[in-house]
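Biologist: Please give me a close look at one part of this model, the aromatic side chains. Then show me what the strands around the chain are doing.

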Amino acid sequence: MQSLGTLVGWGTATGVSAGGTVVVGWDASQGRERAFRWTLDTGMQNIDTLGGTASMAYGVSANGDVVVGWVESQGRRRAFRWTPDTGMQDIGTLGGAWGAAYAVSTDGSVVVGGAWDGAHERAFRWTETDGMQNLGTLGGAWSTAYGVSANGDVVVGWSHDASGRVRAFRWTPTTGMENLDTLNSSMSEAWGVSSDGSIVVGWMRDEQGQERAFRWTAQRGMEDLNLVYARLLTDYSVLEYARAISADGRYIVGYGWNATTLRTEAFLLDTVPEPASLIALGLGLIGLVRRRCS
């Protein structure tokens, strides 16, 4: 684990380019967040160029040249898209005063997130040609997008359904917004999607009110990763949140409870059997792993 340093205080990394050479996130001091872009050559660069009071970066394109997030300027929080050539660009809202971008397509041309429409927050998909598109809901009032496929055609996030429950969704231009919660959990959110848009990961709350990491595919629906890969977990360890997935859909990362070390730790799950592996990344420990070899 390598420290990226800070701008003024303490920092959080939230996105990384395809090759791992560009990292984005935010740095804070005295409640003033600043979006940053880091490379090995330049170190941590402040990209807050709209003169606002705060900003956070969440997503970055494959080559690291396009960064997205939100900036607070003149008392309004707006979604932004940044490049070295254009600087920080306000990409607008859905009619309200608030917006935030959370993910960007591989080439940087499609941005997704959530924006205020004047009454509610709605998931959006933005392109330079069409501007900000309201993706709607699953029948409720609110929605937000957290992930997008490589080509920008598949968007994932959460939405209220007609009963007001939070449900993970997958959106495409042809199908619209689809409810992914086939487990009928009390709450679920989608955070990551594979390059081709066929595999979605996130978290859901089970019947006992416990958070569980999930994977969704059209063939199998929503699967609790704790059940699918139970053989890899020590007793009472739990994969709680899946936050991202590799382009090919093989590797899933997130965090959960390590019963061996009695703390929350990051995990890397290799989903290809056999062999499959689960590594608890916190402090380099491998407390979550239990392999059974025949």
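**Rings, sheets and a core**

Modeller: Let's start with the rings. Two rings of Phe, Tyr or Trp (for Trp, the six-membered ring) count as a pair if their centres lie within 6.5 Å; planes under 30 degrees apart are called stacked, those over 60 degrees edge-to-face, and the rest tilted. This rule gives seven aromatic pairs. One of them joins Y58 and Y102: the centres are 5.2 Å apart and the planes meet at 75 degrees, which makes the pair edge-to-face. Y58 belongs to strand β5 (residues 54-60) and Y102 to strand β9 (residues 99-104), so this pair ties together parts that are 44 residues apart in sequence.

Before we go on, a word on where the values come from. This is a predicted model, so local features need pLDDT of at least 70 and side-chain atom pairs count only at pLDDT 80 or more, while totals for chains, interfaces and linings use all residues. Residues are numbered from 1 along each chain as its sequence is written, and side-chain values use heavy atoms, with hydrogens and water left out.

How open to the outside are these two tyrosines? A residue is buried under 20% relative accessible area, exposed over 50% and partly exposed in between (1.4 Å probe, protein chains only). Y102 has 18% and is buried, while Y58 has 24% and is partly exposed. Ring pairs also link Y58 and Y102 with Y146 and W191 into a cluster.

W191 has another partner, this time a charged one. A charge sits over a ring if NZ of Lys or CZ of Arg is within 6 Å of the ring centre and within 35 degrees of the ring normal. R243 lies over the face of W191, at 3.7 Å from the ring centre. R77 lies over the face of W70, at 3.6 Å from the ring centre.

Now for the strands. The protein has one helix and 24 strands; both are DSSP runs numbered from the N terminus (H or I of at least four residues for helices, E of at least two for strands). Two strands pair if DSSP finds at least two bridges between them. In one open sheet, four strands follow the order β17-β18-β19-β20, with antiparallel pairing. The edges are β17 (187-193) and β20 (221-224); each has a single partner strand, so one side of each is left without a neighbour in the sheet. From one strand to the next the twist averages 30 degrees, using axes fitted to C-alpha atoms and angles from 0 to 180 degrees between N-to-C directions. Six bridges connect β17 and strand β18 (residues 200-205), and G192 stands opposite V201 in β18. At the other edge, D224 has its place in β20 and counts as buried at 11% relative accessibility.

A second open sheet also has four strands, in the order β13-β14-β15-β16 with antiparallel pairing. Its edge strands, β13 (139-148) and β16 (176-179), each pair on one side only. Four bridges join strand β15 (residues 166-172) to β16, where F169 stands opposite N179.

Further along, β21 pairs antiparallel with strand β22 (residues 251-258) through six bridges, and Y241 has Y255 in β22 as its bridge partner. These two strands form a hairpin with five residues between them, and G249 in the turn has a positive phi of about 85 degrees. Next, eight bridges join β22 to β23, again antiparallel. That hairpin has four residues between its strands, with L262 in the turn at a positive phi of about 60 degrees.

The largest nonpolar core has 13 residues, and L225, L239, I252 and L269 have the most contacts inside it. Such a core is a set of buried Ala, Val, Leu, Ile, Met, Phe, Trp, Tyr and Cys residues joined through side-chain atoms within 4.5 Å. β21 (238-245) and β23 (263-270) each supply at least two of its residues, and β21 gives the most, with three.

Finally, step back to the whole protein: buried residues make up 54% of its 294 residues. The C-alpha trace spans about 60 × 45 × 35 Å along its principal axes.
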